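Here's a quick briefing to read alongside the structure. Keep the 3D view open and click on each residue as it comes up.

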Amino acid sequence: MRADRLVAVLLLLQSRGRVTAAEVAAELRTSLATARRDLEALSTAGIPVYPQPGRGGGWSLVGGARTDLSGLTGDEARALFLTVGPTATDPVARAALRKLVRALPATFRADAEAAGQAVVVDPARWGAAERTRPALVERLQRHVVARTRVRLTYANRRGTSERLLDPLGLVDKDDVWYLVADGESGRRTFRVDRISGVEATGERFEHPTAFDLAREWQRVVDEVERRRALSGATVVVPNRFLPVLREQFGRHCTDEEDLGDGRTRCALAAPAPLDLARHLAGWGSSLDVEGPGPVRRELGRIGRELSERYPPED
């Protein structure tokens with residue numbers, strides 16, 4: 001869940017003492033299912049939030065309707081700000097965190113403020129250019145929350161087109177943003193950095209009652225990873241290099257057999273034999289590629305091209 005929404009739910013509980021999931025959904029403009037997940041997430045994270053079933057029930061903070069968040073222990077307050085603080089880069093979210101600090105008991109405030117500043121999240125890998133959030137993310141978020149239909153101008157390998165879509169949710173994966181939306185062609189996922197225009201239509205759409213963004217995104221990830229593993233290779237690698245190979249291939253590297261001589265046989269996967277060969281060529285003779293034939297042939301071709309272009313000096 002987003003840091004600003006987490007803070008908003010806590011502040012709502014603080015101000016009202018007891019709320020229903022429907023009230024949270026209406027106040028924060030989310031779906032009922034999202035509101036329930038947010039409340040349950042607070043509870044499972046150790047925040048003293050508990051449900052009361054039956055007529056007149058709802059969700060409450062320990063301490064009752066007049067709570068000032070004194071139900072939080074010192075450890076819970078530190079844990080909350082260690083988790084939320086580093087992710088709250090948006091000015092509005094930072095302002096919400098400051099308000100939450102003031103709502104904490106005075107004895108916890110110093111520790112909470114220190115915890116919120118104790119960690120910095122730097123999403124850029126070493127040597128990689130820093131990515132910035134696409135400017136359209138905020139606009140798309142408003143349409144997702146308000147459930148308003150949009151017309152997108154979108155570019156892909158086939159060219160640029162316009163799409164009339166019902167935006168259902170946004171996902172940030174490895175600092176790349178994706179929009180999950182329903183349209184005439186069914187449910188699709190769009191990279192936000194390929195969207196060049198967003199036009200509001202003014203029409204509202206009905207959110208699918210069974211839609212769960214986390215579950216839908218997991219389905220997308222599983223499908224993409226399946227496509228990225230259509231070709232395989234078997235390699236034998238010295239054990240000292242195993243961590244590097246695992247880092248390079250991620251979930252597409254599987255240990256098959258410890259050969260007992262300081263080496264391990266591994267199964268690798270990639271979209272095509274050429275992709276595998278390109279990844280493995282840089283290893284030189286540090287590992288042995290046992291097969292299949294197409295990968296070995298691609299490695300041989302790459303080696304011949306390199307030796308012809310860069311012949312050894314006399």
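What follows is a short tour of this protein, topic by topic.

Keep in mind that this is a predicted model. The protein has 314 residues, and 38% of them are buried. Its fold is made of 11 helices and 12 strands.

**The big picture**

- Take the contacts between residues with a separation of 6 or more: 59% of them link residues 24 or more positions apart.
- About 18800 Å² of the protein is exposed, and carbon and sulfur atoms supply 49% of that area.

**Helix α9: two sides**

- Start with α9, which covers residues 242-249; Leu 242, Leu 245 and Phe 249 are buried there.
- Why do these three sit on the same side of α9? They do because they cover an arc of only 65 degrees around the axis.
- Here's a handy bit of background: an α-helix has 3.6 residues a turn, so residues three or four places apart point the same way.
- Now turn α9 around, and on the other side you'll find Pro 243 and Glu 247, which are exposed.
- What covers the buried residues of α9? The cover includes the strands β9 (231-238), β10 (253-258) and β11 (263-270), along with helix α10 (273-281).
- Right after α9 comes Gly 250, with a positive phi near 60 degrees.

**Helix α2: a buried face**

- Helix α2 runs over residues 21-28, and its buried residues are Ala 21, Val 24, Ala 25 and Leu 28.
- Looking down the axis of α2, you'd see these buried residues fall within an arc of 100 degrees, so they line one face of the helix.
- Just past the end of α2, Arg 29 has a positive phi of about 60 degrees.

**Loops worth a click**

- Arg 147 isn't a glycine, yet its phi is positive, at about 55 degrees. You'll find Arg 147 in the loop that links α7 (136-146) to β4 (148-156).
- The peptide bond going from Gly 291 to Pro 292 is cis, and its omega is near 5 degrees. Pro 292 belongs to the loop between β12 (288-291) and α11 (293-309).
- Glu 130 is in the loop between α6 (106-116) and α7. Is Glu 130 buried or exposed? With a relative accessible area of 69%, Glu 130 is exposed.
- Along the sequence, Glu 130 and Asp 175 are 45 residues apart, while in space their C-alpha atoms are 9.5 Å apart.

**Cysteines without a bond**

- How many disulfides does the structure hold? The count is 0.
- Why is there no bond between Cys 253 and Cys 266? Cys 266 has the closest cysteine sulfur to that of Cys 253, but the two are 4.5 Å apart, which is too far for a bond. A disulfide needs its two sulfur atoms within 2.5 Å.
- Cys 253 counts as buried at 12% relative accessibility, and Cys 266 is buried too, with a relative accessible area of 0%.

**Salt bridges**

- Side chains of opposite charge can pair when their charged atoms come close. This protein has 18 salt bridges.
- One of them joins Arg 187 to Asp 182, at 2.8 Å from N to O. Arg 187 is partly exposed, with a relative accessible area of 30%, whereas Asp 182 counts as buried at 18%.
- Another pairs Arg 265 with Glu 257, at 2.6 Å from N to O. Glu 257 is partly exposed, and its relative accessible area is 39%.
- Arg 301 and Glu 298 also form a salt bridge, at 2.8 Å from N to O. Both are in helix α11, and because they're 3 residues apart, about one helical turn separates them.
- Arg 301 is partly exposed at 29% relative accessible area, and Glu 298 counts as partly exposed at 22%.
- Finally, salt bridges with shared partners join Asp 182, Arg 187, Glu 216 and Arg 219 into one network.

Notes: Residues are numbered from 1 along each chain as its sequence is written. This is a predicted model: local features need pLDDT of at least 70, side-chain atom pairs count only at pLDDT 80 or more; totals for chains, interfaces and linings use all residues. Side-chain values use heavy atoms; hydrogens and water are left out. Buried means under 20% relative accessible area, exposed over 50%, partly exposed in between (1.4 Å probe, protein chains only). Helices (H or I, at least four residues) and strands (E, at least two) are DSSP runs, numbered from the N terminus. The arc is that of the directions from the helix axis to the C-beta atoms. Contact means heavy atoms within 4.5 Å. Accessible areas come from the Shrake-Rupley method with a 1.4 Å probe; for residues, only the protein chains shown count as cover. A salt bridge is a side-chain nitrogen of Lys or Arg within 4 Å of a carboxyl oxygen of Asp or Glu.
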